[in-house]
Amino acid sequence: MQEWYLPISILPGLGMLIFSTTSQMMMLSGEIGELLKEKCTPFQHKISERKIKQLGLLTRASVLVYLASGFYVLSGILGAFLHMGSFLNAASIILYVGTVFVFVALMLLITYSFRAVKIRKDQHLHNHNL
């Protein structure tokens, strides 16, 4: 049986993850804005297109972390009010679903990181052509 405070104790870590992801989204959005504020070369257009896809990855990851946070809070509340002795009670299932959301969000963030490095590498390699 899970203790009711377990899912709620994870919230500060999720808050830091939300803060970090939001900061990355704001920086990336600014970079995209800079690339697109004037007519750009085909290479810059390609880079901005890739960065927009990256923004989509970050947005999906953020949504999953927000959902996970809500599921953790709900799990903690249910765990505090409903004292069930099984591992497959409502509070535990909601906790497990929230944990899956966090795991998927982390996978998206890892994918984002590798792609971001690839984009920077491509920008570096083509910098002399701009």
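At what angle do helix 2 and helix 4 pack, and how far apart are their axes? In this predicted model, the angle is about 30° and the axes lie 13 Å apart. Helix 2 covers residues 11-36, and helix 4 covers residues 90-126. The pair is worth a closer look, but the whole chain comes first.

The protein chain holds 4 helices and 0 strands. Read from the N terminus, its elements run α-α-α-α. The radius of gyration is 20 Å. For 130 residues the globule rule gives 14 Å, and the chain's value is well over that, so the chain is more spread out than a compact globule. The box around the C-alpha atoms gives the dimensions: roughly 65 × 20 × 15 Å along the principal axes.

Next come burial and surface. Of the 130 residues, 32% count as buried. The accessible surface comes to about 8300 Å². Carbon and sulfur atoms account for 72% of that surface. Contacts reach far along the sequence: among those between residues at least 6 apart, 79% join residues at least 24 apart.

Now back to the helix pair. Two packed helices are described by the angle between their axes and the distance between the axes. Handedness adds a further detail: helix 2 passes helix 4 in a left-handed crossing. On the helix 2 side, the contact is made by Leu14, Leu17, Thr21, Gln24, Leu28 and Glu31. Helix 4 supplies Val102, Leu106, Leu109, Tyr112 and Arg120. By class, the contact residues divide into 7 nonpolar, 2 polar and 2 charged.

Two of these contact residues, Thr21 and Tyr112, can be followed one at a time. Threonine 21 sits in helix 2. Is threonine 21 buried or exposed? Its relative accessible area is 2%, and buried means under 20%, so threonine 21 counts as buried. What does threonine 21 touch, leaving out residues up to four places away in sequence? The partners are Leu58, Ser62 and Leu109. Leu109 is one of the helix 4 residues in the contact with helix 2. Helix 3 spans residues 42-81.

Tyrosine 112 is found in helix 4. Its relative accessibility is 11%, so tyrosine 112 also falls under the 20% limit and is buried. Setting aside neighbours within four places in sequence, tyrosine 112 contacts Gln24, Leu28, Gln54, Leu57 and Leu58. Gln24 and Leu28 are among the helix 2 residues of the contact described above. Leu58 also appears among the partners of threonine 21. Leucine 57 and tyrosine 112 are 55 residues apart in sequence, yet their C-alpha atoms are 6.5 Å apart in space.

Helix 3 offers two further stops. Serine 48 has its place there. Its relative accessible area is 2%, so serine 48 is buried. Not counting residues up to four places away in sequence, serine 48 touches Leu35 and Leu36.

Isoleucine 77 also lies in helix 3. Is isoleucine 77 buried or partly exposed? At 40% relative accessibility, isoleucine 77 counts as partly exposed, because that class runs between the buried limit of 20% and the exposed limit of 50%. Where does the chain pass in relation to tyrosine 5? Isoleucine 77 and tyrosine 5 are 72 residues apart along the chain, and their C-alpha atoms are separated by 8.6 Å.

How values were computed. Residues are numbered from 1 along each chain as its sequence is written. This is a predicted model: local features need pLDDT of at least 70, side-chain atom pairs count only at pLDDT 80 or more; totals for chains, interfaces and linings use all residues. Side-chain values use heavy atoms; hydrogens and water are left out. Axes are lines fitted to C-alpha atoms, for helices over the stretch in contact, and angles run from 0 to 180 degrees between N-to-C directions. A crossing is left-handed if the near helix is turned anticlockwise from the far one by less than a right angle, and right-handed if clockwise. Contact means heavy atoms within 4.5 Å. Ala, Val, Leu, Ile, Met, Phe, Trp, Tyr, Cys and Pro count as nonpolar, Asp, Glu, Lys and Arg as charged, and the others, Gly among them, as polar. Buried means under 20% relative accessible area, exposed over 50%, partly exposed in between (1.4 Å probe, protein chains only). The radius of gyration is taken over C-alpha atoms; the globule rule is 2.2 Å times the number of residues to the power 0.38. Accessible areas come from the Shrake-Rupley method with a 1.4 Å probe; for residues, only the protein chains shown count as cover.
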